Protein chains: 2
Amino acid sequence: MGEENVKKKNALVPEPALRRMPCYLAYLKLEHRKGSQYVSSTLIARDNGVDPTQVTKDLSYTGISGKTRVGYEVEPLIDALEDFLGFRVMDEAYLFGAGSLGTALLHDHGLVQYGLKIVGAFDVNPLVIGHSIGGISIAHIDEFVKNKDHGIKIGILTTPVANAREVANMMVANGIKAIWNFTPVRITSPEGVVVQNTSLYAHLAVMFNRLNAAGSDDSVAPAKK
Amino acid sequence: MGEENVKKKNALVPEPALRRMPCYLAYLKLEHRKGSQYVSSTLIARDNGVDPTQVTKDLSYTGISGKTRVGYEVEPLIDALEDFLGFRVMDEAYLFGAGSLGTALLHDHGLVQYGLKIVGAFDVNPLVIGHSIGGISIAHIDEFVKNKDHGIKIGILTTPVANAREVANMMVANGIKAIWNFTPVRITSPEGVVVQNTSLYAHLAVMFNRLNAAGSDDSVAPAKK
DNA sequence: TGATATTAAGGAATTGTTTCTTTAATCAAA
DNA sequence: TTTGATTAAAGAAACAATTCCTTAATATCA
């Protein structure tokens, strides 16, 4: 108990804050294109429907500070956000499962602008192996296991539900450090492996629920703002 | 129907709980296929890396209750979850913005299994209008405005950032009640319109952050200033 | 048949996040 | 230069969500 400068709880940036940051970034880029040089937290808050103090708290994580009575300088803030979010360094990733959703992601070239480049894709289905989707050719997953020395740290998981856990284990066993999980299966992450769950169906469930709640109840309170 | 739980005013189901439910559902379907007839919350919790009491709390929202010392009956629980999440009724949706991400979603046929069917797509780019992607032909967005009497309540927003707000407004003005927003732009929802934000980049930001934190920690203080 | 262990469920305490409040800074205008 | 208004930032309070704790029920085993 003697160590008093042991970092408490790791001081992780709150996930909700991290999720809001790309939204600020998109907004700032639009403002920048419009010619704005300074933007205040008040303005950011109003245009994005969040609390002004939350904006300053969120932005303070990037290390940038604003000027009293002026706001934030747009360009440095954009740079700081992109740096902080890791959008400026290009990370390479492998995709596992070239089914419907995997194919969809291979078609999407938007991720490259945010620092993620898919450089390989794997599957077990003979019907897709050998084909090229979005410029990436699909290989058998054994090829991934054979190649021990790839420096790829990020794996995108888009297999069917039944294989998700098995493939995730294989990814980890072969050096993957971060799993971007698009399946509804909850991956119990081993050692120091990061798992980011992004099941579209989870979001769909929330949307359906809110839609039904709004439709069936006329005394609904509007999102307590 | 809602007479007995009138005590709490709105009693909205917490979003984190809703997001976990599809995960339980996927798990239960796998267990069902394996032949399990009963599954306990303890087991669900262990296999999915969550707290057992959280499982029972989450599942209680569906109205199903488990049997002491036995657990939950798998089949009725699957039914209840699918019903509760709105996965059993097929909702139809329009897609706005057939760019990279929009095209990707049109290629994905997985959504149909979860109750969402894309039945139309709109854009403004002459290069894509008239083409068919994933069985859906792309029309000019004016066609959407002309057709006042479509019964479509759900709109998927996949336009470029610059047009997101404008298109969202147009959607709402023409009867869309729920916007599934894939852009990083925060849509300030009007009256009783539901907005579900699903920016992939937000998730990417969280993953990058956690990955970097995991790689650089141990001895180094988090450079958060 | 009775004891034991396992489970669901409800309420309390804890934790984390958001919102509110206060303070200090500084630009603009008089 | 002085005054007033607006802003960022830091701390306090409120809120929501998770985890912990207790209770009641019951299938299994002795």
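# Pocket and DNA strand C

Q: How big is the second largest pocket?
A: Its volume is about 720 Å³. A pocket is an open set of points on a 1 Å grid over the protein atoms alone, where a 1.4 Å probe fits, with protein on both sides within 12 Å along at least five of seven lines. The volume is the space filled by probe spheres set on the points, which are joined across faces, edges and corners.

Q: What should I know about the model?
A: This is a predicted model: local features need pLDDT of at least 70, side-chain atom pairs count only at pLDDT 80 or more, and totals for chains, interfaces and linings use all residues. Residues are numbered from 1 along each chain as its sequence is written, chains are lettered from A in the order written, and side-chain values use heavy atoms, without hydrogens and water.

Q: Which residues lie nearest the pocket's centre?
A: Thr158(A), Thr159(A), Pro160(A), Val161(A) and Ala162(A), out of 36 lining residues. Lining means an atom within 4 Å of a point.

Q: On to DNA strand C. How many residues surround it?
A: 22, with Thr68(A), Ser41(B), Lys57(B), Ser65(B) and Arg69(B) closest. Each has a heavy atom within 4 Å of the strand. Sugar and phosphate make up 67% of the strand C atoms that come within 4 Å of the protein.

Q: Which atom of strand C does Lys57(A) approach?
A: A base oxygen, 3.2 Å from a polar side-chain atom of Lys57(A).

Q: And what about Tyr72(B)?
A: An N or O atom in the Tyr72(B) side chain is 3.0 Å from a phosphate oxygen of DNA strand C.

Methods. Polar contact = N/O pair within 3.5 Å; in protein donor to acceptor, adjacent residues only side chain to side chain.
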